[in-house]
Amino acid sequence: MSQDNDQAATTSPAAAEETINPWDLPIEQRPALFDPCAEIPIEAVEQGVGESVEAVEEFSRNDTRDLVSCGWKTREIHFVLLATWKSKDNYLSDPAFVVIDEQADPNGRRILRLTETGDDASRTCTQLYFTSRGTFWASLDLVTALREFKGRRFANACEVLAGAIGPILVYIPEGDYR
């Protein structure tokens, strides 16, 4: 009797510690999609871009199962946050995107950095994080003709995005699912 109880006690905790990759589950069984619009405070966005932002209604979409997005603008940038369950392989094979860097790690988290086909990569940059609650997308477009932000010239939008995402990172779900 004691032997059976001991075996159950030693095997149960190990089984409970198994982690399940949410990306391996059918979509209807995955955790709730990350909602950057509700879960990232506007103060973090404003801290990241260094000034007050104005919401842009055209950047917003809320289909909590497939896609959630919101965005803001300043005089110098457009900034969009989005969440979806679209996988890394789907982004890599999508002709609508051009990969800038597949192994970037600018803030201690691995990301996929890309731009949309036809966009100027020096003016537009998107970073993707493949988390436990879906793909988190942060995209920044420099709208000033001289590619300046806060009076400083930048080689490209990815430099601006790497700085702007800093205060937002603490809100992004954990994980690096590829």
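## A tour of the disulfides, a hairpin and an aromatic cluster

In this predicted model, the count of disulfides comes to 2. Begin by selecting C37 and C70, which form a disulfide with their sulfur atoms 2.3 Å apart. The two cysteines come from distant parts of the chain, since C37 sits in helix 2 (residues 36–39) and C70 in strand 3 (residues 67–73), 33 residues apart. If you look along the S-S bond of C37 and C70, the torsion is about -110°, so this disulfide is left-handed. With the surface switched on, compare the two ends: C37 has a relative accessible area of 33% and is partly exposed, whereas C70, at 6% relative accessibility, counts as buried.

Next, select C125 and C158, which are joined by the other disulfide, with an S to S distance of 2.0 Å. C125 lies in strand 7 and C158 in helix 5 (residues 157–164), so this pair ties together parts that are 33 residues apart in sequence. The angle about the S-S bond is 90° here, and the link of C125 and C158 is right-handed. Both C125 and C158 are buried. When the bonded cysteines of the protein chain are numbered in sequence order, the pairing reads 1-2, 3-4.

From C125, extend the selection to the whole of strand 7 (residues 124–131), which pairs with strand 6 in the antiparallel sense over 3 bridges. Within this pairing, L112 has L128 of strand 7 as its bridge partner. Strand 6 itself, residues 111–116, is mostly covered, with 5 of its 6 residues buried. Now add strand 5 (residues 97–104), which also pairs with strand 6 in the antiparallel sense, in this case over 5 bridges. Here D101 stands opposite R113 of strand 6. Follow the chain from strand 5 into strand 6 and you trace a hairpin with 6 residues between the strands, where G108 in the turn has a positive phi of about 85°.

Return to strand 7 for the aromatic residues, of which a search of the whole structure finds 7 pairs. One of these is W23 with W85, an edge-to-face pair whose centres are 4.9 Å apart and whose planes make an angle of 70°. W23 lies in the loop between helix 1 (2–16) and helix 2, and W85 in the loop between strand 4 (77–84) and helix 4 (88–93), so the pair ties together parts that are 62 residues apart in sequence. Both W23 and W85 are buried. Keep W23 selected and add F130: their ring centres are 6.3 Å apart and their planes stand at 65°, so this pair is also edge-to-face. F130 is in strand 7, and W23 and F130 are 107 residues apart. F130, like W23, is buried, and together W23, W85 and F130 form one aromatic cluster.

A further ring to inspect is that of Y91, where K86 lies over the face at 4.5 Å from the ring centre.

For the last stop, select helix 3 (residues 42–49), whose buried residues are A44, V45, G48 and V49. Turn the view so that you look down the axis of helix 3: the buried residues fall within an arc of 125°, so they line one face of the helix. The face turned away from that buried side carries the exposed residues E43 and Q47. Step past the end of helix 3 and you reach G50, whose phi is positive, near 85°.

Notes. Residues are numbered from 1 along each chain as its sequence is written. This is a predicted model: local features need pLDDT of at least 70, side-chain atom pairs count only at pLDDT 80 or more; totals for chains, interfaces and linings use all residues. Side-chain values use heavy atoms; hydrogens and water are left out. Buried means under 20% relative accessible area, exposed over 50%, partly exposed in between (1.4 Å probe, protein chains only). Helices (H or I, at least four residues) and strands (E, at least two) are DSSP runs, numbered from the N terminus. Two strands pair if DSSP finds at least two bridges between them. A disulfide is a pair of cysteine sulfur atoms within 2.5 Å. The arc is that of the directions from the helix axis to the C-beta atoms. Rings of Phe, Tyr and Trp (its six-membered ring) pair if their centres lie within 6.5 Å; planes under 30 degrees apart count as stacked, over 60 as edge-to-face and the rest as tilted. A charge sits over a ring if NZ of Lys or CZ of Arg is within 6 Å of the ring centre and within 35 degrees of the ring normal.
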